[in-house]
Each structure stands twice: as C-alpha cells, then as structure tokens.
Amino acid sequence: MHPFHNGPLRSLEYFNFPPQADCNIRDDPYSAAAHAYYQPTPPKVSSPDHSSSHLSTLSLKTPPCPLCKGQKFGFTAYFHNTKIFFEPPHELLRFVEKSYYLRDRLTSLLVTYTMHDIEQNRVQAIEKEINAWQQEVLSLVQDVVCSSDFELDFTHLDRAKAWAFEMAKQLKEHTWGGMRLEMPKGRLLVLKKEFRMCWEEVWKGFMVDQRSARDAMNARTSTWVENSGAEFTG
Ligand SMILES: [Zn+2]
C-alpha cells in the first residue's frame, strides 16, 4: 500500500500549531555577503541522484559552501544543484539536516524491529520509540510552518507528515504482532528514498512560495513608487 494520500490543504488549527510569535526560529546567521559570494558559482552537480554516498563523492568536487555546513552533514552539492533548487535553500539548513537525522532514525527503527525478532516484553518500549520519532516529524512540520512569514502551501508538508504517520502505524502494527512489515531486499532503500523525496518536495515548495511572495511584494512596491511619482509630477 502506498502510504501517501492526497489530503486537502489543512489550516494551522489542524496541526495545532502555536502562534507565529512563539516560533523563535527567524534568526538568520548568514550574511548577505557570504550569500552573494556563492551565487555566481556554477553548479557542478549534474545528477538529481543525491543519495548520501553519492552526495559525499560530489562534495569532494564542489567547493564547500560555508552556508551549507550543518552540524553533521554538509549540503553544498545538494543545495547548489540547480536541477533541484533554483537557489540554495540555506535558510532551511537546520530543517533539512533534521530530516536527515529523522531518516537515519527511521532506518535504525526499521532495521532493528523488522529484520530481527521482537522481544515481547519490549513491545511497549518500542511503541514509545516509534511514537517519539513520529512526534519529532510533527515538530519538524511545525517548525517549517513557523519559519515561513509568507503564505505557504501545506500540500507537501501534509504528504510528508502522512507518509511518516503511515510508516509509524505499519511499524507499530508489526511490533504488536499484527500485519507484518515485510522488508525484502531493497525495500529499506526505497523507503529511505520515499522519505527523502517527501521532504525534498517540502523544501522546493517552500522556496517557490517564498519567491512568489517576494515577487508579489516587489511588484506592489514598484507600483506604489510609480503611483507616488505620478502624484508628485502630475
Ligand atoms: Zn551553500
């Protein structure tokens, strides 16, 4: 069963998000100068395949960008790949990195609990672990929404959330001894890729919506300047 669903756009209330003022994630540590420094660099990445092993290989060829350096992962090859992003999503770095942690955590849960026998006295503890992962996914969704000061289409976030919740549900059913979560060879890689692609759509959508908002603002400003000019000269 494909875990995606195409749900309707949800309101902030649906996610039970705190008001924007509570979200203290607006600080931007990156200077405009450093940002400008990297803009003219032509992308060296030609393949949209950016699995982590591939990513590290490409990182060797692409000069590392200081704005792409996370605490654990570097994202220069990924963020500066213009086949994926029209401009590097530097401000999303901490969220992208969080999604990588969550992907690795999911991998660990899947390997530990679907490829090995489950000790029956640990079922409740395992369920807690799965719920904690699901909660962290929800937090990431919430953080991304809070970080947007423009109208953000929730479609991709909704899908990423639905995918994770479905995965957690299947994993819990497996743990309880219900429907087995089969893991034939290659399935783990497919799931990891699905998780990553869900979030990549979120990052891409975020950048597009942000650009649209910026363009609309610029258009309003120039109209206002033109009209003001007409008043004074006319
Ligand atoms: Zn960068």
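Two residues are in contact here if their C-beta atoms, placed from the backbone, lie within 7 Å. Keep that in mind as you click through this predicted model.

**Stop 1: the whole chain**

Start with everything in cartoon view. You'll see eight helices and zero strands, so to speak a one-letter pattern: α-α-α-α-α-α-α-α. Of the 234 residues, 23% count as buried. Now think about contacts between residues at least 6 apart in sequence: 74% of them join residues at least 24 apart.

**Stop 2: H5 and H6**

Next, select H5 (93-114) and H6 (123-146). How do their axes cross? They come within 11 Å of each other, at roughly 160 degrees. Angles over 145 degrees count as roughly antiparallel, so that is the label for H5 against H6. The crossing of H5 past H6 is left-handed.

Turn on side chains for this pair. On the H5 side, pick out Phe 95, Lys 98, Ser 99, Leu 102, Arg 105, Leu 106, Leu 109 and Tyr 113. Facing them from H6 are Ile 126, Glu 129, Ile 130, Trp 133, Glu 136, Val 137, Leu 140, Asp 143 and Val 144. Hang on to Val 144, as you'll need that residue again at Stop 4.

**Stop 3: the loop in between**

Slide along to Gln 120, in the loop between H5 and H6. Is Gln 120 buried or exposed? Count the other C-beta atoms within 10 Å and you get 8; a residue is exposed if that count is 12 or fewer, so Gln 120 is exposed. Now add Gly 177 to your selection. Gln 120 and Gly 177 are 57 residues apart in sequence, yet their C-alpha atoms are 9.3 Å apart in space.

**Stop 4: the largest nonpolar core**

In soluble globular proteins, nonpolar side chains tend to be buried together. Here, the largest nonpolar core has 33 residues, and the ones touching the most other members are Val 144, Ala 160 and Val 202. Which helices each supply at least two residues of this core? Color H4 (76-79), H5, H6, H7 (155-176) and H8 (187-233) to see them. H7 gives the most, with seven residues. The core also draws on both domains, taking at least three residues from each of domain 1 (40-88) and domain 2 (92-212).

**Stop 5: zoom in on Val 202**

Finish by centering on Val 202. Hide its neighbours within four places in sequence, and look for what Val 202 is in contact with: Val 144, His 156, Leu 157 and Ala 160. Two of these, Val 144 and Ala 160, share with Val 202 the distinction of touching the most other core members.

Notes
Residues numbered from 1 in each chain as written. Predicted model: local features only at pLDDT ≥ 70, side-chain atom pairs only at ≥ 80, totals over all residues. Core = buried A, V, L, I, M, F, W, Y, C linked by C-beta atoms within 7 Å. Buried ≥ 20, exposed ≤ 12 C-beta atoms within 10 Å, placed from the backbone. Helix = DSSP H or I, 4+ residues; strand = E, 2+ residues; numbered from the N terminus. Domains from an automatic or database assignment. Axes fitted to C-alpha atoms, helices over the stretch in contact; angles between N-to-C directions. Parallel < 35°, antiparallel > 145°, perpendicular 65-115°, else oblique. Left-handed = near helix turned anticlockwise from the far one by under 90°.
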